[in-house]
Amino acid sequence: MTTYETRTNGGVADDERAWWKEAVVYQIYPRSFADSDGDGFGDLPGLINRLDYVSSLGADVIWLNPIYDSPQRDNGYDISDYQSIDDEYGTMDDWEELLSEIHARDMKLVMDLVVNHTSVDHEWFQKSRRGDPEYEDYYIWREGDGDGPPNNWQSFFGGSAWTYDEEREAYYLHLYDTSQPDLNWENEAVRRDVFETIEWWLEKGIDGFRMDVINLLSKADGLPDGDPDSEWVGSEHFIDGPRITEYLDAMDEQVLSNYDVMTVGEMPQLSVEQAKSYTGTDGPLDMAFHFQHTKLDYAENQRWAIGEWDLEELKEITSRWQNGLAEEGWNAIYWENHDQPRVVSRYGDPVNYRRESAKLLGTFSLTLSGTPYIYQGQELGMTNSPWTSIADMRDVDAINHAKALLETDDYDEYTDIQDTISYRSRDNARTPMQWEPSENAGFTEGDPWIQVNPNYDEVNVGDAEDDPDSVLNYYRDLLDLRDSHDALVYGDYCDLLPDHESVYVYTRTLGTAEGTERLLVVLNFFGDEETVEVPVKFETASLLLSNYDRDDDDPTTVTLAPYEARVYELR
Ligand code: TEU
């Protein structure tokens, strides 16, 4: 493993510096990380046993997906009690131990905040459904329109966003699964209860929140019909809705701003302009996830259709976000999370160049402006899993959509849609973490809740640890590189070859007390050899890192092997 000198420059103003800008976040999906008791589900004691591994990567922050009480229809994004730990994961004592073990390793813990909706099993919904006067307005209830639902809004998981409740004799709104009713943020009591919950966790000493679909909280007055042709029908009436700024500002002013924590909003259909206002100096959040680069491989803008992706579009999106938030706001950089298929299988080559392309894609993430997020297993170059039957799939989203596709006239049987569902399913991210080349990849001694990717005998932590050329050890170098170069955190971004179809070349430049620190990143995104002329002037150049064994220090004319990545320092 290469080591670099530690930061030396003083070119960044103190008020521009922040620990969460300098951090690298490692995301853990606890259900699939490590099982300590053999029930086939990952749990907190299992995770605690693996903290040294996370720390060995050089990660600064752990983002933990929801572990609260939940009927688990949407794997914990359907919460029935915000202040308790689901038995599946362990106890509150386990959680306290987890927090202190994370802090003992000098890392921080970010928890998931899911407050656009709860589970139908939440006490608030149970009381609301019964018409309890204190809770009747905690959710969004409406009479139907004739025999049908109140409007044409669609659930993200397919079908109407409204479900009729026999007990209340009215429809409730759910932008996700029918078991996930949307909270009514117009109701001040809802806001008060949510803010109290946030404060309760902050008082326990956590270091921040990842906020689920947080730009969906405010729904347009009168809940008007949506454009029937849009990708998500109704979304223009609930994304960045009329009172969203007011709600998030209040959350920030009343609670968050009293703590030194980081916040990242997950924001479907986010634009750069909106991101600036959410994450700029006066904005309520520190950074936000947008989705634009996760749609490159959609066909005709459809998620459940696979298309070819092209690099120029990735460059266009990336530059728009890098430049757009350069002065105001902050990016959250990611390829993978628990909702996205594995990036090597989408934008790399999992068959011929798995290692090379995994390293290339990692180099991209770790050298951009913004806080990088690594999803468990990404650092091994884990791939999508081969799914042979819908019966093996667990994700409510994939299962609902498979059903919906089969109800259309376009498809007759499951085999017609199998390739699409297998490629796109969120289950690809949720197969167990591959620890060892032994049964069930060392994840559990029982039956895993979801299939283990059969390539675990080749892709696993144990073997990667012993191999100096593994994706894992390359990731360690990348984190070390970022940690030792302020230009990678605070430097300006400049795309030098925006029109090149297969090679991405950019610089990150920072004026410092000792002169200018400038890094040059050269990435060949495809499987053919490429030679590029790099339009850059310098006095000396040195190659800091490559995913091939190179000792060439001249970056003016570079011949790149398939999926080759290089990072140079220029003086
Ligand atoms: O996801 C919100 C969401 O709509 C997307 O992340 C979606 O899954 C993605 O666009 C697929 O490409 C969040 C959570 O991350 C997800 O796991 C939950 O199912 C969802 O909210 C509901 O809480």
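## Strands 9 and 10

Start with Arg 210: its bridge partner in strand 10 is Val 264. That pairing belongs to a bigger match-up in this predicted model, where strand 9 (residues 208-211) and strand 10 (residues 262-266) run parallel and are joined by four bridges.

## The sheet they belong to

Zoom out, and strands 9 and 10 turn out to be part of an open sheet of eight strands. Reading across, the order is 11-10-9-5-2-1-15-14, and the pairing is parallel. So strand 10 sits between strands 11 and 9 in that order, while strand 9 has strand 5 on its other side.

What happens at the edges? Strand 11 (287-289) and strand 14 (332-333) stand there, and each has a single partner strand, so one side of each goes without a neighbour in the sheet.

## Where the ligand sits

Now for the ligand, which you'll find in the largest pocket. It has 18 residues around it, and the closest are Asp 74, Tyr 176, Asp 212, His 338 and Asp 339.

What kinds of residues make up that shell? Eight are charged, six are nonpolar and four are polar.

## Contacts and burial

Three side chains are worth a look when you have the ligand on screen. Tyr 176 puts a polar side-chain atom 2.7 Å from a ligand oxygen. For His 338, an N or O atom of the side chain is 2.9 Å from an oxygen atom of the ligand. Arg 426 also has a polar side-chain atom by a ligand oxygen, at 3.0 Å.

How much of the ligand does the protein bury? On its own, the ligand would expose 490 Å², and the protein buries 97% of that.

Methods: Residues are numbered from 1 along each chain as its sequence is written. This is a predicted model: local features need pLDDT of at least 70, side-chain atom pairs count only at pLDDT 80 or more; totals for chains, interfaces and linings use all residues. Side-chain values use heavy atoms; hydrogens and water are left out. A residue is near a molecule or strand if one of its heavy atoms lies within 4 Å of it. A polar contact is a pair of N or O atoms within 3.5 Å; within protein, one must be able to donate a hydrogen and the other to accept it, and residues adjacent in sequence count only if both atoms are side-chain atoms. Accessible areas come from the Shrake-Rupley method with a 1.4 Å probe; for residues, only the protein chains shown count as cover. On a 1 Å grid over the protein atoms alone, a cavity is a set of points where a 1.4 Å probe fits but cannot get out, and a pocket is an open set with protein on both sides within 12 Å along at least five of seven lines; lining residues have an atom within 4 Å of a point. A molecule sits in a cavity or pocket if more than half of its atoms lie within 2 Å of its grid points. Ala, Val, Leu, Ile, Met, Phe, Trp, Tyr, Cys and Pro count as nonpolar, Asp, Glu, Lys and Arg as charged, and the others, Gly among them, as polar. Two strands pair if DSSP finds at least two bridges between them. Helices (H or I, at least four residues) and strands (E, at least two) are DSSP runs, numbered from the N terminus.
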